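Thanks for sharing this one. Here are my notes, in numbered points, to read alongside the structure.

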Amino acid sequence: MLKSLLTLWVFLASTGLSLAQDADTLARPLRPIVVPADTLVRVVPCPGIGRAAVNTILFAGNSVTKERILRAELDFREGDTLVLADLSTRLEKNRSRLFNLQLFHAVVAQASCASGRLIIVFGVQERWYTFPVPILSLADRNLRSWSERSDRWRRVDYGIHVVRSNFRGRNEQIIANLQLGFNRKYELFYEAPGLGTYRRIGLGAGTSFYQSRTLDYITRADRLVPLRADQGFPIQRFYVTAGLRFRHTVQFLTALDASYHREQINDSVNFYNPNYYQGRAQREYLDFTLTSTRNKRNTFAYPLTGQYAQARFTHRIFLNNYTPSLTTIRLKYARYVSLGREFYYSAGLSGQARLTRRLAYADSRALGYEDLIRGYDEYVIDGRHYGLLQQGLSYRLFHPEPVRLPSVSNAKINTIPLAVYLNIFADAGYVVSPTLSPENRLPNHLLRAIGLGLHLVTYYDRVFTAEYTLNGLGQTGYFFRAEFPI
């Protein structure tokens, strides 16, 4: 508790804002209250009163971020009357909202009384918002799949990936990709999660053009089989998208998107797998997607408490007279619980259902792509519907003080946080495939795996995991990932 309070005072002092005032304008500081103990919230009690009006809300440290962006996240304004017994909890919820904008390294809050009215201060430490990142990646789903390719050293992508977060200080984002090498990709996206005074309506737009010198055209023995073209590209994809964002809070977002897609394969792909696009070498379609996300995790990078829920409904209309429309429903729910003594439990449940009369091979992806049963990294399981359950028990091995880089003067990048967790996990999944190929044995079977992992949480919400797993086939292996698994 004392450590958090000292951090609060040092941080606010570093922003140049002093909380000290003359004795006739600020009540004499009493013993501070911090609730809960692991947050950066400080409340100086107001003796003798149960409610108080908010006189002033101040922000410190936001040199780039517009103040109105921060005010829009709060659930109170100047003039509102707050119950003092609930003030610590109320401030923590609002501090968490600001922190989960993912614009700041840290957010702290303090409330004190002046003549029976509240002065509330939020201090923030801004991040670095422009990241030009060189692209040097493997042209496969994961490291295991890449290592098993005979031409793996050709299957490398390179280029530049540029992200500008908090564009114009309004929490807008611009993403640009220029990728060459084995796969070519040219992309530009713009995202404004909220516009206007209350930031409730936003928009998103983007375009993408993709070419690849190889295409996994069929699944055999539960593995993707590639087809390589020495000249030209086996597949080319182009799409444009635009949509609206209905933003209730940073934790509750609904998105409505419409997109146009044009995809083309060469004659060889269509010859070896006529069902890839249901007998056609080219197709065009419109996607209409409604996504609702409720994210009440304590942090979005490596959550320890809270819950996450998302529902997505997509209706695809093909621009011809013979391909039936396709409706896809995806649901996901995750729960994170602190068990005390540095132990944390997490569980996630996700599923997908596809509704159509006929399903092309390109649309039959299930587990092994976006959703994965850990330990089955070298396999893909195709089908119409699937369900996945993931569980993990984590123990925080150590969480030292952030590493300071004395040679770097910029406070946005000279501090590297570190935390390491030991994780025991168990996964189970099932894929429903009405048209099962005898070559593929994993669909329509219960798949399961257990394992042990180490999770490193560090710079700018980066999470790296190293895992050892045993799957239901009796196979073991080591796997490395760059994201939180649940």
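1. Let's begin with a pair of strands: β23 (residues 447–458) and β24 run antiparallel and are joined by 10 bridges. Strands here are DSSP runs of E, at least two residues long, and helices are runs of H or I of at least four, numbered from the N terminus; two strands pair if DSSP finds at least two bridges between them. Across this pairing, His-455 stands opposite Thr-465 of β24. The hairpin of β23 and β24 has 3 residues between the strands, and Tyr-460 takes a positive phi near 50° there.

2. A word on the basis: this is a predicted model, where local features need pLDDT of at least 70 and side-chain atom pairs count only at pLDDT 80 or more, while totals for chains, interfaces and linings use all residues. Residues are numbered from 1 along each chain as its sequence is written, and side-chain values use heavy atoms, with hydrogens and water left out.

3. On its other pairing, β24 runs antiparallel to β25 (residues 476–481), with 6 bridges between them. Ala-466 has Phe-480 in β25 as its bridge partner. This hairpin has 4 residues between its strands, and Gly-474 in the turn has a positive phi of about 80°.

4. Which side chains of β24 (residues 462–471) are buried? Val-463, Thr-465, Glu-467, Thr-469 and Asn-471 point to one face and are buried, whereas Arg-462, Phe-464, Ala-466, Tyr-468 and Leu-470 point to the other and are not. Buried means under 20% relative accessible area, exposed over 50%, and partly exposed in between (1.4 Å probe, protein chains only). In a regular strand, side chains alternate between the two faces of the sheet.

5. Please look at the largest nonpolar core too: it has 29 residues, and Leu-91, Leu-118, Ile-120 and Phe-122 have the most contacts inside it. Such a core is a set of buried Ala, Val, Leu, Ile, Met, Phe, Trp, Tyr and Cys residues joined through side-chain atoms within 4.5 Å. The elements giving two or more residues are β1 (41–43), β2 (51–60), α3 (87–99), β4 (104–114) and β5 (117–126). Of these, β4 gives the most, with 5 residues. Apart from this core lies another, of 14 residues, including Tyr-210, Leu-215, Val-269 and Tyr-361.

6. Finally, Leu-355 belongs to strand β18 (residues 343–355). Leu-355 is partly exposed, with a relative accessible area of 47%.
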